[in-house]
Amino acid sequence: MKTLIEKLEKNNILSKEEFITLLTNLNESNLEYLRSKARKITDKHYKNNVYIRGLIEFTNYCKEDCYYCGIRQGNNNITRFRLTEDEILKACRKGYKLGFRTFVLQGGEDLFFTTPKMVKIIQSIKKEFPKCAITLSIGVRSFAEYQSLKNAGADRFLLRHETANSEHFQKLHPQNQTFEKRKQALLDLKKIGFTVGSGMMVGSPYQTIEELVSDLIFLYELKPKMIGIGPFIPHSSSIFKNEKIGSVKNTLALISILRLMFPKALIPATTALNTAIPNGRIKGLLHGANVIMPNLSPDNAKTNYTLYDNKAIDGLEGADLIKQLDDNLIKFGLKVKISRGDPLE
Ligand code: 5AD
C-alpha cells in the first residue's frame with residue numbers, strides 16, 4: 001500500500017482500481033503513512049499556518065429540498081431566520097476585530113436574497129473592508145447572476161458537487177436538481193474567475209467506495225482551489241433521519257488523499273467533522289487540512305442553521321474564542337494566520 005501512496009504523492013492521481021484498493025485497505029499503518037505525508041506536504045506549502053474564515057450563516061430559508069439537509073424547504077420543524085444587511089455587516093465588524101480577513105456568506109437557496117440584494121450586500125462589505133475576501137456559498141444561480149456577484153466584488157464561491165455519480169445524485173436530491181446542472185454551475189463559476197470550492201459528504205446514504213472514487217476523479221478534473229468534505233450526519237427532520245452517520249475514519253483518510261492530490265488546495269477541517277468527533281477540527285488539520293471556519297453568526301442564527309443534528313456551536317465554533325483556538329493549535333505545532341489566505345498558485 002505504501003507504494004500506492006507514494007505513487008499518489010508523485011502523480012497526484014491514481015486509476016479507479018488503485019483508488020479502490022487504497023480506500024479498502026485503510027489499516028492503521030496505512031492511515032498513519034498517508035496522514036504524515038499529507039501533513040508534510042501541507043507544511044511544505046503553507047508551513048504551520050491555519051487560515052481562518054468567518055462564517056456568516058445569513059438565511060436558513062431554502063427553496064430546495066435536498067433529502068439530507070435540515071434546512072430543506074419541506075422541513076416545517078425549524079424556525080426560519082434571515083439576517084438584515086446591517087446584521088451581516090455587524091458580524092463582519094466583529095470578525096474583523098478578531099482577525100478575520102475572509103467572510104463566508106452561507107445560506108440556503110433563499111429567493112428573498114435576489115442577486116441585486118446580494119450585490120448590494122457584497123458592495124457594502126467591500127466598501128468597509130476592502131482588504132477582506134468575500135466567499136459566497138448560496139447555491140446554484142445562472143451564469144449572468146454569478147457574473148454580477150463577481151463584478152460586485154465577491155472573490156470566492158463554495159458549491160459542493162455532493163456526488164459525481166448522476167444516479168447517486170438523484171438519490172440525494174429531488175428531480176429538479178441534477179448533477180449536470182451542478183457541474184455546469186461549477187464550470188460557470190470557474191469561467192467567471194471565482195476561486196472555486198467544491199466537495200462532498202462522506203458516507204452519505206447509498207454512497208459506496210465507487211462513488212467516492214468518482215468524486216476524487218471528478219475533483220481532479222475540476223481542479224478547485226478549495227475542497228470541503230465532512231461526514232454525513234443525519235438530521236432528525238430530514239428524509240434520511242434513520243440513516244447512519246458517515247465514517248470519520250474515511251473522512252480523515254480522504255482529507256489526506258485530497259492533500260496528496262492537491263498539494264496547494266485550501267482544505268477546511270469542517271464543522272461536520274468537528275460535530276462527529278471531539279477535536280475533529282484538530283484531527284482534520286493533522287490529516288492535511290489547513291483552513292477552519294469558525295462561526296461569526298449571531299446566536300439566533302447559529303442555533304437555527306441546523307443542516308444536521310447536534311451541530312457543534314459551542315467552544316471553538318465560536319469566533320469569540322479565537323485566542324483559545326490559537327493556544328490550542330500551538331500545542332500541535334500549528335498557528336492561526338491572520339490574512340486573506342488566498343490559495344497559492
Ligand atoms: N450532514 C453533513 N453535511 C451536510 N450538508 C448538508 N446537510 C448535511 C448533513 N446532514 C453539507 C452539504 C452542503 C454543505 C453546506 O453542508 O454538503 O453542501
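Start with the largest cavity, which has a volume of about 1,000 Å³. Keep in mind that the model is predicted. The count comes to one cavity of 30 Å³ or more, so there is no second one of that size to look for.

**The lining**

Select the residues that line the largest cavity; there are 49 of them. To find the middle, pick Gln106, Ser137, Arg160, Glu162 and Leu307, which lie nearest the centre of the cavity. Colour the lining by class next: 25 residues are nonpolar, 14 are polar and ten are charged.

Now switch to a cartoon view. Several strands each supply at least two residues of the lining, including β2 (54–59), β4 (133–137), β5 (156–158) and β6 (195–198). The short stretches β8 (226–227) and β9 (230–231) also do so, as does the helix α11 (271–276). Which element gives the most to the lining? Select β3 (102–107): β3 supplies four residues, the most of any.

**The ligand**

Show the ligand, which sits in the largest cavity. Then select the residues around the ligand: Tyr68, Cys69, Arg160, Glu162, Met201, Pro231, Phe232, Ile233, Leu307 and Tyr308. Colour this shell by class as well. Eight of its residues are nonpolar, two are charged and none is polar. Arg160, Glu162 and Leu307 belong to this shell, and these three residues are also among those nearest the centre of the cavity.

**Three distances to check**

Zoom in on glutamate 162. An N or O atom in the side chain of glutamate 162 is 2.5 Å from an oxygen atom of the ligand.

Move to tyrosine 68. Here the partner on the protein is a polar backbone atom, which lies 2.9 Å from a nitrogen atom of the ligand.

Finish at leucine 307. A polar backbone atom of leucine 307 is 3.4 Å from a nitrogen atom of the ligand. With these contacts in view, turn on the surface: on its own the ligand has 400 Å² of accessible area, and the protein covers 87% of that.

Key:
Residues are numbered from 1 along each chain as its sequence is written. This is a predicted model: local features need pLDDT of at least 70, side-chain atom pairs count only at pLDDT 80 or more; totals for chains, interfaces and linings use all residues. Side-chain values use heavy atoms; hydrogens and water are left out. A residue is near a molecule or strand if one of its heavy atoms lies within 4 Å of it. A polar contact is a pair of N or O atoms within 3.5 Å; within protein, one must be able to donate a hydrogen and the other to accept it, and residues adjacent in sequence count only if both atoms are side-chain atoms. Accessible areas come from the Shrake-Rupley method with a 1.4 Å probe; for residues, only the protein chains shown count as cover. On a 1 Å grid over the protein atoms alone, a cavity is a set of points where a 1.4 Å probe fits but cannot get out, and a pocket is an open set with protein on both sides within 12 Å along at least five of seven lines; lining residues have an atom within 4 Å of a point. A molecule sits in a cavity or pocket if more than half of its atoms lie within 2 Å of its grid points. Ala, Val, Leu, Ile, Met, Phe, Trp, Tyr, Cys and Pro count as nonpolar, Asp, Glu, Lys and Arg as charged, and the others, Gly among them, as polar. Grid points are joined across faces, edges and corners, and a volume is the space filled by probe spheres set on the points.
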